[in-house]
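Reader: I have a model in front of me and little time. Please show me how to read its helices and its core.

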Amino acid sequence: MRRMIWQKTSLPIPLSVNREGGLTSHAGANRPSPFTRREAGGMRFVLLLGVLCFSLTACRTDMWVQQKVEAQDSSEFYALVDPVRGFDGKIYGDGSRPMPPNTIARGKLQDPNDPFLTGKDAQGNLLTKLPPQVKLSRELLNHGQEKFNAFCANCHGRAGDGKGMIALRGQWPRPVPSLVREQLLQQPIAYFFNSGKYGFGIMYPLYPQLNEEDLWAVAAYIRVLQLSQNAKIQDLSPEDLEKLAQAEMARKQRQQNTIAQEN
Ligand code: HEC
């Protein structure tokens, strides 16, 4: 006697019970079942239980079709409290809520007067040294070089001499100044930090594309450029002086050789 289980349980698997009481799928209906009657009974019970659990849960959809505000979506509700006029002139509400004033992200609480952020000490003078949070190191200067080359050199030039591509093309109403001219050697280091953070005259601020850490590194690197572009021969170490003398000798030798060849 064959009985279709799925007829009873509305399970969409065409299983049937064979003569021995075992379960077979229709594909193998003629083969003897590998299950005993007792096992088949147990399996039927488990299947029924599964179907019962399945049919008792998750049948209502009103939790996810309920009204809600999506990020970046417009909202009629918020249009009442804080209306935004769209490009089409209509009034919309902004689904994304603005941050309450003076909100600070967790772990980001900083003293707004910290010289690290402002570049100024308690008396309001520009710092002449790096703030205590920033340690002068090879890494800092390398970082400063990378950021300077990416964010400042396009105008101020890789050597800081004011001969960047934008300056050379004359696209600025005022010439791009050299950052390595003598007058700027006297400026405190925070002068360069502040110019980057707040902008300078017609130069736009490079903050927040560069954060404070980057800007201090850039300021330190500008000092490197100032030293290198204003270096005197006496500033060289004895080894470098030696190398320079050798290079000079080699140059003279080459010159003499060419003159000798030409004659
Ligand atoms: C898009 C071009 C441009 C970029 C990029 C730029 N600057 Fe400038 N910068 C200028 C111009 C132009 C001036 C002169 C502004 C003026 O006189 O109104 C200037 C002025 C300055 C000054 C004042 C120099 C002086 O003569 O006192 C400093 C310092 C300075 N920039 C630093 C930086 C640093 C640091 C960066 C990168 C983080 C940077 N600038 C990126 C165009 C640029």
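## Reading the helices and the core

Author: Start with what packs on H10. Its buried residues are covered by, among others, helix H4 (115–118), helix H5 (138–151), helix H8 (182–185) and H9. Contact means C-beta atoms, placed from the backbone, within 7 Å. Helices (H or I, at least four residues) and strands (E, at least two) are DSSP runs, numbered from the N terminus.

Reader: What should I know about the model and its numbering?

Author: The model is predicted: local features need pLDDT of at least 70, side-chain atom pairs count only at pLDDT 80 or more, and totals for chains, interfaces and linings use all residues. Residues are numbered from 1 along each chain as its sequence is written.

Reader: Which residues of H10 are buried?

Author: Buried means 20 or more other C-beta atoms within 10 Å of the residue's own; exposed means 12 or fewer, partly exposed lies in between, and C-beta atoms are placed from the backbone. In H10 the buried residues include Trp216, Val218, Tyr221 and Ile222. Across the 263 residues of the protein chain, 15% count as buried.

Reader: What span should the 18 residues of H10 have?

Author: The expected span is 1.5 Å times one less than the number of residues. For H10 that gives 26 Å, and its end C-alpha atoms are 25 Å apart, which agrees.

Reader: Which residues of H5 are buried?

Author: Gly144, Lys147 and Phe148. They lie on the same side of H5, because they cover an arc of only 105° around the axis. The arc is that of the directions from the helix axis to the C-beta atoms. Arg138, Glu139 and Asn142 are exposed, on the face turned away from the buried side of H5. H6 and H10 are among the elements covering the buried residues of H5.

Reader: Which helix gives the most to the largest nonpolar core?

Author: A nonpolar core is a set of buried Ala, Val, Leu, Ile, Met, Phe, Trp, Tyr and Cys residues joined through C-beta atoms within 7 Å. The largest one has 20 residues; Ile189, Phe193 and Trp216 are among those that touch the most other members. Helix H9 (190–198) and helix H10 (212–229) each supply at least two residues of this core. H10 gives the most, with 9 residues.

Reader: What does valine 218 touch?

Author: Leave out residues up to four places away in sequence. Valine 218 then touches Gly144, Lys147, Phe148, Cys152, Phe192, Gly196 and Leu210.

Key. Two residues are in contact if their C-beta atoms, placed from the backbone, lie within 7 Å.
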